[in-house]
Amino acid sequence: MEYSNRYLHLGESIDPDEHVICKYKMKTDLDPRKAAVAIATEQSTGTWTGISTLNDDILEKYGARVTDITGDVATVAFPADDFSIDIGGIPQVLSVIGGNLFGLEALKGVRLEDVFFPRSILDQFKGPKFGIQGMRDMLKRPEKPLVGTIVKPKIGLPPQGYADYIYESGMGGLTNGKDDETLSNQKFCPLEDRVVAVAEAIDRVKDETGHVMMHAINVSTSGHQILEVADRAQELGASELMVDVITCGFAAVQALAEDPSIKVPIHVHRTMHGAITRNRDHGIAMVVFSKLVRMCGGDALHVGTFGVGKMSGGAEEDLANQRACVATDVPYKAVMPVCSGGMHPALIEPLVKITGLDVQIQAGGGVAGHPGGVRGGAKAMSQAVDAATAGVAFKDYAADHKELFEAIKKWG
Ligand code: RUB
């Protein structure tokens with residue numbers, strides 16, 4: 001391959017208002033400068049050899065520039081004009097910053113660790129409609145972490161059994177319920193019947209106790225029907241919608257969030273992300289996806305459990321996701337970071353010490369597996385959140401809160 005050093009601009013200062021700046025961690029047997037140039041070339045002008053159609057003007061205006069190589073991390077700056085947001089959007093952005101480069105022979109492995117967008121591109125996205133504050137307002141919960149459940153088993157429950165689970169969760173004090181990622185419109189629990197039954201359950205909780213709750217209905221589906229399914233779910237009483245961003249695509253999140261008829265928050269699940277984010281030598285770091293979800297308008301996003309739950313990620317990567325959800329250097333509302341996966345009441349104390357209070361903590365098995373059933377598990381989760389908010393040690397709080405005591409005895 002005849003990669004040209006004309007893409008190498010080490011030490012050159014780059015205007016962050018005019019470029020999309022990417023950090024790539026590279027694993028290569030080549031001189032790292034060659035490997036970085038391979039990325040810049042492939043992802044901008046796009047081929048491996050000198051071509052008669054590439055003139056100096058095109059290269060200067062649109063060629064990517066390798067501006068730094070520190071250790072195994074290359075900084076590559078793409079001119080903002082390489083991007084097309086009005087038509088193209090995030091699919092086009094990803095094809096530039098995270099496209100063909102992953103297959104280049106010049107690299108044994110390459111990971112897009114982070115990305116920084118200029119204001120001119122950020123301003124073309126709207127961000128969340130609700131975000132942290134909007135969800136807190138809807139739930140009348142100004143300060144404490146939101147506390148939720150993923151209905152388990154994730155398959156098999158019929159609509160009424162499903163709604164009973166949500167009713168028990170609400171009576172136990174949970175603020176959020178959600179469908180799991182594999183639940184859609186299977187025969188055992190048709191989507192429309194589920195929406196109606198869950199909405200009734202949530203209304204019953206409110207009528208009986210005044211407690212407000214929302215439940216995210218999974219509307220992940222093919223692109224041609226996602227808006228129709230979401231509209232129908234909302235019409236039948238869905239208080240929140242859920243979409244799987246990796247399987248449906250960022251454009252699906254944006255389509256839902258920017259549809260003027262959608263008036264409920266969008267909960268963004270990230271199933272399958274591990275196939276792309278988990279390998280530290282190859283793929284795309286979750287923080288990149290977190291930034292894109294915020295641009296596209298997700299209101300709540302799974303960010304991991306900071307090393308305390310069942311899913312990989314680890315505190316450092318999950319903190320980066322959380323920062324991407326709430327950072328104030330972008331023109332959007334803050335996204336509610338969701339901690340989910342292997343959570344149970346006894347893990348809330350260490351988790352909240354890391355995350356602070358602006359999070360949604362949710363548990364499936366950690367609610368439904370409680371000896372006191374779903375209501376017992378919901379109460380234990382709520383008590384754990386109350387204790388963590390008040391800064392009271394769990395052991396002390398559990399002394400006069402039976403459900404938390406039982407949860408700690410089982411899992412703690
Ligand atoms: C939770 C569960 C969720 C994961 C996804 O169930 O399976 O789908 O949270 O993980 P349980 P992530 O509470 O029983 O473990 O949030 O890391 O994407």
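Two strands count as paired if DSSP finds at least two bridges between them, and strands (E, at least two residues) and helices (H or I, at least four) are DSSP runs numbered from the N terminus. The model shown in these views is predicted: local features need pLDDT of at least 70, side-chain atom pairs count only at pLDDT 80 or more, and totals for chains, interfaces and linings use all residues. Residues are numbered from 1 along each chain as its sequence is written, and side-chain values use heavy atoms, with hydrogens and water left out.

**View 1. Parallel pairing of strand 12 and strand 13 in the barrel.** Eight strands close into a barrel with parallel pairing, in the order 5-6-7-8-9-11-12-13. Direction ignored, neighbouring strands of this sheet are turned by 25 degrees against each other on average; the axes behind such angles are lines fitted to C-alpha atoms, for helices over the stretch in contact, and angles run from 0 to 180 degrees between N-to-C directions. Strand 12 (residues 336-340) pairs with strand 13 (residues 360-363) in the parallel sense over three bridges. Ser340 has Gln362 of strand 13 as its bridge partner.

**View 2. The hairpin of strand 2 and strand 3.** Strand 2 (residues 65-70) and strand 3 (residues 73-79) are joined by five bridges in the antiparallel sense. Arg65 stands opposite Ala77 in strand 3, and Asp68 stands opposite Thr75 in that strand. Two residues lie between the strands of this hairpin, and Gly71 in the turn has a positive phi of about 60 degrees.

**View 3. The open sheet and helix 12.** Five strands form an open sheet with mixed pairing, in the order 2-3-1-4-10. Strand 2 and strand 10 are its edge strands, each pairing on one side only. Helix 12 (residues 286-296) lies across strand 4 and strand 10 and runs at about 35 degrees to strand 4; contact here means heavy atoms within 4.5 Å.

**View 4. The interface of domain 1 and domain 2.** The domain assignment of the protein gives domain 1 (5-122) and domain 2 (131-411), with bounds that come from an automatic or database domain assignment. Their C-alpha centres lie 36 Å apart. In the interface, 18 residues of domain 1 are in contact with 20 residues of domain 2. Together the domains bury about 1800 Å², 63% of it on carbon and sulfur atoms; buried area is the accessible area (1.4 Å probe) that two parts lose on being put together, summed over both. Ile90, Arg111 and Leu122 supply 38% of the area that domain 1 buries against domain 2, more than any other three residues.

**View 5. Salt bridges of Lys291 and Asp281.** A salt bridge is a side-chain nitrogen of Lys or Arg within 4 Å of a carboxyl oxygen of Asp or Glu. The whole structure holds 22 salt bridges, and the count between domain 1 and domain 2 is four. Lys291 forms a salt bridge with Asp114, and their closest N and O atoms are 2.8 Å apart. Another salt bridge joins the side chains of Asp281 and Lys27 (3.7 Å, N to O). This pair links distant parts of the chain, 254 residues apart: Asp281 is in the loop between helix 11 (274-277) and strand 10 (283-284), whereas Lys27 is in strand 1.
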